[in-house]
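Student: Please take a close look at one buried position here, then work outward from there into its surroundings. Keep it brisk.

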Amino acid sequence: RTKGFSPEDYYTLGLFRSGTPVDERLLSHRSFSRIRQRLNPHETGVVPFNKWVFCIYFEQLGVPVPYCHAIYHPTRGVDRHALPVRSKDDVCNLLTRLNRGIVIKPLDASHGHGVMVLAAIDAERREIRRASGKLQTLDELVASLDFHKDGWVIQDRIVQHATLAELNASSTNTIRMITLSDAS
């Protein structure tokens, strides 16, 4: 911490390994974020960092993305057909209608924070089974959504290829490509 690294950096950069020197060239997540914000200001981005807008935008460009069904928010929630998704009943009706594996993500979170993976929905019993195997009622699920002020995106669950699952079966493995442009 005295060198500016967070606990996340500690593990990501392997600083926990015995004898690992703290190289001055290593970039902490905080430092990276500052540089990224300076070089790529939020207002100049083509797509804001909102999972719903990202999905709709790239889908229209023909880029494969998980299908987004709706956003849940108590005042701004809406589905693909402009129907409200703002209450417990709206979410229950949507999940019951979909009746398949679904992922619910906070609209503006990152690094998998707050992601809920629903493996199955039992409409008759009004309960869901999480990917972890935990059973939960639809009422409990929706009650847990109300703590995040920015809302949630509800999208199809992606099942990755078996080879990628061998790397890490607890999440969908992804690659992020970061491009810097010096167009000055």
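**From one residue to the sheet**

Tutor: Q160 has a relative accessibility of 17%, so it counts as buried. The cut-off for that label is under 20%. Keep in mind that this is a predicted model.

Where does Q160 sit? It belongs to the loop between β7 and α6 (162-167). Its side chain has a polar atom 3.2 Å from the backbone oxygen of N168. N168 also appears among the contacts of Q160, once neighbours within four places in sequence are set aside. The others on that list are A165, A169, S171, T172 and N173.

Now step back from the loop into β7. This strand covers residues 152-156. One of its partners is β1, residues 68-72, and the two pair in the antiparallel sense over four bridges. To place the register, take Y72, whose bridge partner in β7 is W152. Another partner is β3, residues 102-106, again antiparallel, with five bridges to β7. Here V103 has Q155 as its bridge partner in β7.

Follow β1 next. It is mostly covered: five of its five residues are buried. A regular strand has side chains that alternate between the two faces of the sheet. Besides β7, β1 pairs with β2, residues 78-79. That pairing is antiparallel and rests on two bridges. In it, A70 is matched with D79 of β2. The link is a hairpin, with five residues between β1 and β2.

Put the strands together. They make an open sheet of seven strands, paired in the antiparallel sense. The order is β2-β1-β7-β3-β4-β5-β6. Which strands stand at the edges? They are β2 and β6 (135-137). Each has a single partner strand, so one side of each has no neighbour in the sheet.

Two helices lie across this sheet. Helix α4, residues 88-98, lies across β1, β2, β3, β4 (116-122) and β7. Its direction is about 165° to β1. Helix α5, residues 138-145, lies across β1, β3, β4, β5 (127-130), β6 and β7. It runs at about 80° to β6. β7, the strand before the loop of Q160, is thus on the list for α4 and on the list for α5.

Side chains with rings are worth a look too. R80 puts its charged end over the ring of Y67, 4.3 Å from the ring centre.

How many aromatic pairs does a search of the whole structure find? Two. F54 and F58 make a tilted pair, with 4.5 Å centre to centre and 40° between the planes. Both lie in helix α3, residues 51-60. They are four residues apart, about one turn of the helix. F54 has a relative accessible area of 41%, so it is partly exposed. F58 is at 22%, which means it also counts as partly exposed. Y57 and F58 form an edge-to-face pair: 5.2 Å centre to centre, 85° between the planes. Y57 is partly exposed as well, at 34%. The ring pairs thus link F54, Y57 and F58 into a cluster.

To return to the start: Q160 is buried, in the loop that follows β7 and leads to α6. Its side chain reaches a polar partner in the backbone oxygen of N168.

Key:
Residues are numbered from 1 along each chain as its sequence is written. This is a predicted model: local features need pLDDT of at least 70, side-chain atom pairs count only at pLDDT 80 or more; totals for chains, interfaces and linings use all residues. Side-chain values use heavy atoms; hydrogens and water are left out. Buried means under 20% relative accessible area, exposed over 50%, partly exposed in between (1.4 Å probe, protein chains only). Two strands pair if DSSP finds at least two bridges between them. A polar contact is a pair of N or O atoms within 3.5 Å; within protein, one must be able to donate a hydrogen and the other to accept it, and residues adjacent in sequence count only if both atoms are side-chain atoms. Contact means heavy atoms within 4.5 Å. Rings of Phe, Tyr and Trp (its six-membered ring) pair if their centres lie within 6.5 Å; planes under 30 degrees apart count as stacked, over 60 as edge-to-face and the rest as tilted. A charge sits over a ring if NZ of Lys or CZ of Arg is within 6 Å of the ring centre and within 35 degrees of the ring normal. Axes are lines fitted to C-alpha atoms, for helices over the stretch in contact, and angles run from 0 to 180 degrees between N-to-C directions.
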